[in-house]
Each structure stands twice: as C-alpha cells, then as structure tokens.
Amino acid sequence: MKIGRILATLETGLGSAVKVSPTVESVTLTLSQRTRASGARHFWREHLRRIQFANPALPIQVNYPREPCMPKLEIKFSNTTAQSFSVAGMRSDEIYKQFITKAATSQV
C-alpha cells in the first residue's frame with residue numbers, strides 16, 4: 001500500500017505530466033542549508049520529484065552547500081546555453097511556472 005500511495009502522489013499534482021523539451025540537458029537547483037528559502041525547498045520536495053518521475057532521462061541535480069548563497073534554478077540546453085534565475089522569495093508554484101515557461105514542451 002505504501003508504494004501505491006507514493007506512486008499516486010508522483011502521478012498527480014503540478015509537474016506530474018510535464019514533458020520537458022528535448023533540448024534541455026539538465027536542471028540544477030541550488031539552495032543553501034542556512035537560508036530560509038521555503039519556496040525552493042517545497043519546489044524541490046514536491047514539484048521537482050514529479051518532474052523527474054515524468055522525465056526519467058533528465059539529469060536533475062540539487063546543490064545544497066553549507067555556506068549561505070542565493071537560491072537559484074539553472075536549466076542547461078543542448079546548444080550550450082543555460083538559463084538561470086533566482087528563486088529567492090518565490091513560492092513553489094511560481095518557481096514551477098517559471099520552469100515550465102522556459103523548459104517544457106507539452107503538458108499531457
């Protein structure tokens with residue numbers, strides 16, 4: 001039953017049916033252990049896991065340094081460009097919407 005509940009959680013909600021563009025090579029979320037970036041932490045725990053479940057071949061990395069730094073999300077594309085934006089002070093659904101506008105091709 002526990003596995004069924006986990007799968008149901010991953011298959012529903014924001015990020016569950018998002019297919020990222022094939023030009024996206026990787027996604028990196030950076031947030032510090034010592035800052036209060038609750039929106040970024042919630043995005044990491046909830047939305048990023050669903051996006052990973054929907055896109056298993058997409059490398060997603062979370063950097064969690066001990067020293068204080070500004071939380072940011074970086075999307076690397078296959079044409080060697082990268083888009084990075086600060087997620088400081090943003091709510092998790094706002095971060096998700098920004099991610100979708102920059103990286104997604106379709107929402108099934």
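## A salt bridge within helix α2

Arginine 50 and glutamate 46 sit in helix α2 (residues 38–54), four residues apart, which is about one turn of the helix. Helices here are DSSP runs of H or I with at least four residues, strands are runs of E with at least two, and both are numbered from the N terminus. The two side chains form a salt bridge, with the closest N and O atoms 3.6 Å apart; the term stands for a side-chain nitrogen of Lys or Arg within 4 Å of a carboxyl oxygen of Asp or Glu. Arginine 50 is buried at a relative accessible area of 10%, while glutamate 46 counts as partly exposed at 31%. For those labels, buried is under 20% relative accessible area, exposed is over 50% and partly exposed is in between (1.4 Å probe, protein chains only).

A word on the model: it is predicted, so local features need pLDDT of at least 70 and side-chain atom pairs count only at pLDDT 80 or more, while totals for chains, interfaces and linings use all residues. Residues are numbered from 1 along each chain as its sequence is written, and side-chain values use heavy atoms, with hydrogens and water left out.

## The other salt bridge

The structure has two salt bridges. Besides the one in α2, aspartate 93 and arginine 91 meet through their side chains, at 3.1 Å from N to O. Aspartate 93 is partly exposed, with 21% relative accessibility, and arginine 91 is exposed at 52%.

## One aromatic pair

How many aromatic pairs does a search of the whole structure find? Just one turns up: tryptophan 44 and tyrosine 64, whose ring centres are 5.4 Å apart and whose planes make 50 degrees, so the pair is tilted. Tryptophan 44 belongs to helix α2 and tyrosine 64 to the loop between β3 (60–63) and β4 (72–77), so the pair ties together parts that are 20 residues apart in sequence. The cut-offs: rings of Phe, Tyr and Trp (its six-membered ring) pair if their centres lie within 6.5 Å, and planes under 30 degrees apart are stacked, over 60 edge-to-face and the rest tilted.

Both rings come from partly exposed residues, tryptophan 44 at 24% relative accessibility and tyrosine 64 at 35%.

## The sheet and its helices

Four strands make an open sheet with mixed pairing, in the order β3-β2-β4-β5. Its edges are β3 and β5 (82–86), each of which pairs on one side only. From one strand to the next, the twist averages 15 degrees. Strands pair if DSSP finds at least two bridges between them; β2 (residues 24–30) and β4 are antiparallel, with six bridges. Valine 24 has phenylalanine 77 as its bridge partner in β4.

Helix α2 lies across β2, β3 and β4 and runs at about 165 degrees to β3. Helix α3 (residues 92–103) packs on the sheet too, touching β2, β4 and β5, and its direction makes about 15 degrees with that of β4. Contact means heavy atoms within 4.5 Å. Axes are lines fitted to C-alpha atoms, for helices over the stretch in contact, and angles run from 0 to 180 degrees between N-to-C directions.

## Around alanine 104

Alanine 104 lies in strand β6 (residues 104–107) and is partly exposed, at 26% relative accessibility. Leaving out residues up to four places away in sequence, alanine 104 touches Val18, Lys19, Val20, Ser21 and Phe99. Threonine 23 is 81 residues from alanine 104 along the chain, with 9.8 Å between their C-alpha atoms.
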